[in-house]
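Please look through the sequence and the structure below, and then read the report that follows with both of them at hand.

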Amino acid sequence: MSISAPQPNPSTDRDARTGDTVTDSLVEANRIYAEKFSDPGMDARPVRRVAIVACMDARLDLHEALGLELGDCHTIRNAGGVVTDDIIRSLTISQRALGTRSVVLIHHTGCGLLSLTEDFRHELEEEVGQRPSWAVEAFKDLDADVRQSMERVRTSPFLVHTDDVRGFVFDVTTGLLREVTPRT
């Protein structure tokens with residue numbers, strides 16, 4: 001199976017009304033936002049002292065789903081919401097330099113990593129001639145992967161606050177979180 005980049009689609013890659021790229025429309029939206037923007041005077045330290053690790057899936061509006069306001073938390077996202085070395089890096093900075101104490105992990109139903117395997121890396125290597133240095137971190141069981149992620153946070157020697165680590169699965173059809181019990 002060949003991995004190839006999605007083919008350009010003029011109807012989605014450019015605004016049909018103006019011919020602008022998606023990035024152009026984002027920059028324009030930012031210009032409009034900045035006209036009304038006023039510095040809220042916030043510190044970089046999250047008010048609620050929590051870091052949330054979640055999937056990058058565009059269907060997850062974490063602030064809305066969790067009742068969060070600007071400045072309440074650190075939000076760290078990647079494919080699958082899995083705890084990787086880079087997530088540990090971000091959590092370490094979040095805790096040690098910016099005062100967070102709690103970690104919330106959120107996976108979700110219908111995640112794309114449920115249908116991938118590590119073969120994805122091999123296919124990439126065949127296509128581009130170089131194997132990625134990173135693991136896909138695909139999984140078949142949401143709860144098992146949430147438990148693995150909780151364990152990675154709890155056992156990291158770099159993190160000083162590992163007593164309040166909880167994991168959840170967000171249902172993309174209902175909007176509800178379901179807590180996953182950790183390994184005992």
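## A salt bridge within one helix

In this predicted model, a salt bridge links E35 with R31, and the closest N and O atoms of the pair are 2.3 Å apart. Both residues belong to helix α2, which covers residues 22-36, and because they are 4 residues apart in that helix, about one helical turn separates E35 from R31. As for their surroundings, E35 counts as exposed, because its relative accessibility of 58% is over the 50% cut-off, whereas R31, with a relative accessibility of 39%, counts as partly exposed.

## Two further salt bridges

The structure holds 10 salt bridges, and another of them is formed by the side chains of E118 and R121, with a distance of 3.9 Å from N to O. Here E118 is partly exposed, having a relative accessibility of 31%, while R121 is buried, with a relative accessible area of 16%. Side chains of opposite charge can pair when their charged atoms come close.

What does D143 form with R178? The two residues form a salt bridge in which the closest N and O atoms are 2.8 Å apart. D143 lies in helix α6, made up of residues 142-155, and R178 lies in strand β5, so this pair ties together parts of the chain that are 35 residues apart in sequence. D143 is buried, because its relative accessible area of 18% is under the 20% cut-off, and R178 counts as partly exposed at 40% relative accessibility. Elsewhere, salt bridges that share partners join E28, R31 and E35 into one network.

## The sheet and a helix across it

Strand β5, which holds R178, is part of an open sheet of 5 strands, whose order is β2-β1-β3-β4-β5 and whose pairing is mixed. The edge strands of this sheet are β2, residues 73-78, and β5, residues 177-180, and each of them pairs on one side only. On average, and with direction ignored, neighbouring strands of the sheet are turned by 25° against each other.

Between β1, residues 50-55, and β2 there are 6 bridges, and these two strands run parallel. Within this pairing, A51 has H74 of β2 as its bridge partner. Helix α4, residues 85-96, lies across β1, β2 and β3, the last of these being residues 102-108, and the helix runs at about 175° to β2.

## The nonpolar cores

Which residues have the most contacts inside the largest nonpolar core? They are L91, L105 and V153, in a core of 23 residues. The elements that each give two or more residues to this core are β1, α4, β3, α6 and β4, where β4 covers residues 165-170. Helix α6 provides the largest share, which is 4 residues. This is also the helix in which D143 lies.

If neighbours within four places in sequence are left aside, the residues in contact with L105 include V53, V83, V146, M150, V153, V165 and F168, and S149, R166 and G167 are also among them. A second core, separate from the one described above, has 9 residues, including V50, I52, A54 and F170.

Conventions
Residues numbered from 1 in each chain as written. Predicted model: local features only at pLDDT ≥ 70, side-chain atom pairs only at ≥ 80, totals over all residues. Heavy atoms only, no water. Pairing = 2+ DSSP bridges. Axes fitted to C-alpha atoms, helices over the stretch in contact; angles between N-to-C directions. Contact = heavy atoms within 4.5 Å. Salt bridge = Lys/Arg side-chain N within 4 Å of Asp/Glu carboxyl O. Buried < 20%, exposed > 50% of the residue type's maximum accessible area, 1.4 Å probe, protein only. Core = buried A, V, L, I, M, F, W, Y, C linked by side-chain atoms within 4.5 Å.
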